[in-house]
Amino acid sequence: MMEKLRRRVGDYFLNRKRKSLRRNSVPHALEAAKSALILCDLDDRNEFEAGESLLKHLLEIGLDVDLVGFTAKKELAENLIGDEHRHYFTKKDVNYLYQPSAPTLLRLLRTGHGILFDLNLGDSFPLTFVRAASNAEFKVGLKRKDKIEDLDFMIELTEGDGVHQLIKHITEYLNIFKK
């Protein structure tokens, strides 16, 4: 019961944040964007591996890329080490309302990324908050009811499709924008 109350109050403040955020949606072709932000759930191995693969691809084509990953655990796994492109946060880095409170992450959100890739297929409220609070010019991800206000371009997957198919469809459509 307390969890539900915390989540509802968190949703209330998230909706206030959405209303106060002023940004203009600017569609970008993949190569035309100067920077990208990738969101993924570290507790989902497929999402994390897909995020790492997308990070490497975007770095190869010359974009300035940041990957933000969240784990619902109190500590990061020993093999996860952040660097200039990888930023991880844990349950300890969110406040009582599940909103990220790490100063480096909050600074990163104020950075104007060209494209935000939301690879989160689950229901991670901290990642939902990061997506909503980001100043990215163009936000893309999975079509779901709770993401309608936050995403500029949504991909609908068929049952059985996963995060790799989501990335494939997103990159295909972003490449069409340049034509």
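Contact here means heavy atoms within 4.5 Å. With that in hand, what covers the buried residues of helix H2? The cover includes strands S1, S2, S3 and S4 and helix H5. The model is a predicted one, and the tour below starts from its sheet.

**The sheet**

Six strands form an open sheet in the order S3-S2-S1-S4-S5-S6, and their pairing is parallel. At the edges lie strand S3 (86-89) and strand S6 (153-155), each of which pairs on one side only. Neighbouring strands of this sheet are turned against each other by 15° on average, direction ignored. Towards the S3 edge, strand S2 (residues 64-70) pairs with S3 in the parallel sense over four bridges. Leu67 has Arg86 in S3 as its bridge partner.

Two helices that pack on this sheet are set side by side here:

| Helix | Residues | Strands touched | Angle between directions |
|---|---|---|---|
| H2 | 45-60 | S1 (35-41), S2, S3, S4 (115-118) | about 170° with S1 |
| H3 | 103-110 | S1, S2, S3 | about 135° with S2 |

**Helices H2 and H5**

The 16 residues of H2 should span 22 Å at 1.5 Å a residue, and its end C-alpha atoms are 23 Å apart, which agrees. Buried in H2 are Glu47, Phe48, Ala50, Gly51, Glu52, Leu54, Leu55 and Leu58.

Helix H5 can be looked at in the same way. Its 15 residues should span 21 Å at 1.5 Å a residue, and the end C-alpha atoms of H5 are 21 Å apart, again in agreement. Which residues of H5 are buried? They are Val163, Leu166, Ile167, Ile170, Thr171 and Leu174. Because these residues cover an arc of only 125° around the axis, they lie on the same side of H5. Their packing partners are H2, S4, S5 and S6.

**The nonpolar cores**

The largest nonpolar core has 30 residues, and Ile38, Leu58, Phe117 and Leu119 touch the most other members. Two or more residues come to this core from each of S1, H2, S2, S4, strand S5 (138-142), S6 and helix H5 (163-177). Ile38 gives a good view of the packing: leaving out residues up to four places away in sequence, Ile38 touches Gly51, Leu54, Leu55, Leu58, Val65, Asp66, Leu67, Val68, Phe117 and Leu119. Apart from this core lies another, of 20 residues, with Leu108, Phe125, Phe129 and Ala136 among them.

**Two residues worth a visit**

His113 sits in the loop between H3 and S4. Is His113 buried or exposed? Its relative accessibility is 2%, so His113 counts as buried, the cut-off being under 20%. Neighbours within four places in sequence aside, His113 is in contact with Ser35, Ala36, Leu37, Asp66, Leu108, Asn135, Ala136 and Glu137. Of these, Leu108 and Ala136 are also listed among the residues of the 20-residue core.

Phe153 belongs to strand S6, one of the edge strands of the sheet. With a relative accessible area of 18%, Phe153 is buried, since the limit is under 20%. Which residues does Phe153 touch, not counting those up to four places away in sequence? The contacts of Phe153 are Phe138, Lys139, Val140, Gly141, Tyr173 and Phe177. Phe153 is also eleven residues from Leu142 in sequence, and their C-alpha atoms are 8.6 Å apart in space.

How values were computed: Residues numbered from 1 in each chain as written. Predicted model: local features only at pLDDT ≥ 70, side-chain atom pairs only at ≥ 80, totals over all residues. Heavy atoms only, no water. Pairing = 2+ DSSP bridges. Axes fitted to C-alpha atoms, helices over the stretch in contact; angles between N-to-C directions. Core = buried A, V, L, I, M, F, W, Y, C linked by side-chain atoms within 4.5 Å. Buried < 20%, exposed > 50% of the residue type's maximum accessible area, 1.4 Å probe, protein only. Expected span 1.5 Å × (residues − 1). Arc of directions from axis to C-beta.
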